[in-house]
Structure formats: C-alpha cells, structure tokens
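Here are my notes for a colleague who is new to this structure. Please keep the model open while reading.

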Amino acid sequence: SSGINAEYGHKNLPTKWFSLDSNNPRPCERFLKDAFTVYGTIRKVDYEDCVEDGELGDDITVIGNQFGIPLTFNAYIQYQNYAHFKAAMSGLKGKQLMRLFPGQKPTFSPFVVDYDRTGFLTDKTHKLRKIERERLAEEAKRKHEAYMKQQNELMKRQLEKRQRKKRKMEEKRIEDLKKKETKPSKKKKRRKGG
C-alpha cells in the first residue's frame, strides 16, 4: 500500500478545520477520511502535530490552543490500492483546501502533497502512536481530575469559611439581642405637678 503525506496551510493543515468542536480541538480521523475518500477507499489515516522549536512547553496535554494544542498538523492518508493513491496524487496537485459556511466568504488553505517517505503509516509506527496517544489522553484525564478535585476542595474550603463567618455574625447578633434584653431599662420618671 502506498501512502501520501498531505501538508496544508503554511505546509500545515488547520487543526480547527478538522476538529469535532472547540471542546475537542484534536483532528478527527472521520473528517480526514470524509475529505479524501473522494479519490478512493482509504485504508488508514493519521496525523502529527506541527510544532516549531520552542513553540510549546513540555506539558501539551491540556485541551485548547491556549493550553498548547498546535494550530496546524500534517495529515497522512493511506489508500486501499495504488490506483486510488495515484488518483489522489494527481487530483490534489496544485489544489487548495476550501472551507465554506453558509453566509460567509470561503476560506482557503494551500495544500502540498507528497509521497510518504518516512514510513509514518507503517502498522508498527501507527500502533506505537496510538498507544502513546492513549497514554497521553489518560495522563491528561488524570491531571484534569486532579485539577478538578483541587478546585472542588478550594471551593469547599471557601464555602466553609463563608459559613463560619455567617455563623459568627449570627451568634454575635443573637448575643447582642440577649444583652439588650437583659439590661435593666431606665425609665424616665414623670414629674408630678403643675
């Protein structure tokens, strides 16, 4: 099976064009298949993030671009047979990707197609990437759960603090009322006369 390495946009594909939604900003394999299945049956798709040196820190597991999800990625598409691969190679050459929403002007992204000379889609490397992504997803899930637990504990402490303050204020108010009630009232004597 032959594979193609399709690099979009400034040699990169816009991540948000192929993500399910803003809550899941990773490329969706189904969307990649939908975009390229016009040339034939697809055997396998995969992607890699485009990360420039120094662009991201070590922790890129939190969802959302402001937290480290790259804006672009390289897509790798492997067709079921060579004829489909050749159709894609000739059909995509010199083309641009277009994104169109009703009532909006179309957006274009340049598109470079090349043979996959890296072995990116071999079964072994594909399986290793899948395992690594699952590990990173699990790690991200653990970090998110730990963060949410920390936030919940913080909110609980703040609520308890507010409740203690409210109780103290209520106790003081009751104490002040009791003091008022127990103080002997000084009634002014009326003068007789007149």
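1. Start with one charged pair. Glu139 and Lys143 form a salt bridge, and their closest N and O atoms are 3.6 Å apart. Keep in mind that this is a predicted model. Both residues sit in helix α3. They are 4 residues apart, about one turn of the helix.

2. How exposed is this pair? Glu139 has a relative accessible area of 22%, so it is partly exposed. The cut-off for buried is under 20%. Lys143 has 37% relative accessibility, so it also counts as partly exposed.

3. Glu139 has another partner. Arg135 forms a salt bridge with Glu139, with 2.9 Å between the closest N and O atoms. Arg135 and Glu139 are about one helical turn apart because 4 residues separate them in helix α3. Arg135 is partly exposed, because its relative accessibility is 40%.

4. Now put these pairs together. Which residues are linked in a network of salt bridges? They are Glu132, Arg135, Glu139 and Lys143. As general background, side chains of opposite charge can pair when their charged atoms come close.

5. Next, the total. The structure holds 11 salt bridges. One of them joins Arg133 and Asp46. Their closest N and O atoms are 2.6 Å apart. This pair links distant parts of the chain, with the two positions 87 residues apart in numbering. Arg133 belongs to helix α3, which covers residues 123–182. Asp46 belongs to strand β5, which covers residues 42–49.

6. Check the surroundings of that pair. Is Asp46 buried or exposed? Asp46 is buried, because its relative accessible area is 0%. Arg133 has 28% relative accessibility, so it counts as partly exposed. The salt bridge therefore joins a buried Asp46 to a partly exposed Arg133.

7. Leave the charges and look at a nonpolar feature. Met98, Leu100 and Phe108 form a nonpolar patch on the surface. Together they have about 320 Å² of accessible area.

8. Take Met98 from that patch. Met98 lies in strand β7, which covers residues 96–99. Why does Met98 count as partly exposed? The reason is its relative accessibility of 46%. Exposed would need over 50%. Patch residues need over 30% relative accessible area, and Met98 has 46%.

9. A short tour for the viewer. Begin at helix α3 with Glu139 and Lys143. Add Arg135, which pairs with Glu139. Then follow Arg133 across to Asp46 in strand β5. Finish at the patch of Met98, Leu100 and Phe108.

Conventions: Residues numbered from 1 in each chain as written. Predicted model: local features only at pLDDT ≥ 70, side-chain atom pairs only at ≥ 80, totals over all residues. Heavy atoms only, no water. Patch = residues over 30% accessible without salt bridge, like charges linked within 9 Å, V, L, I, M, F, W, Y side chains within 5 Å. Areas by Shrake-Rupley, 256 points an atom, 1.4 Å probe, with all protein chains shown as cover. Salt bridge = Lys/Arg side-chain N within 4 Å of Asp/Glu carboxyl O. Buried < 20%, exposed > 50% of the residue type's maximum accessible area, 1.4 Å probe, protein only.
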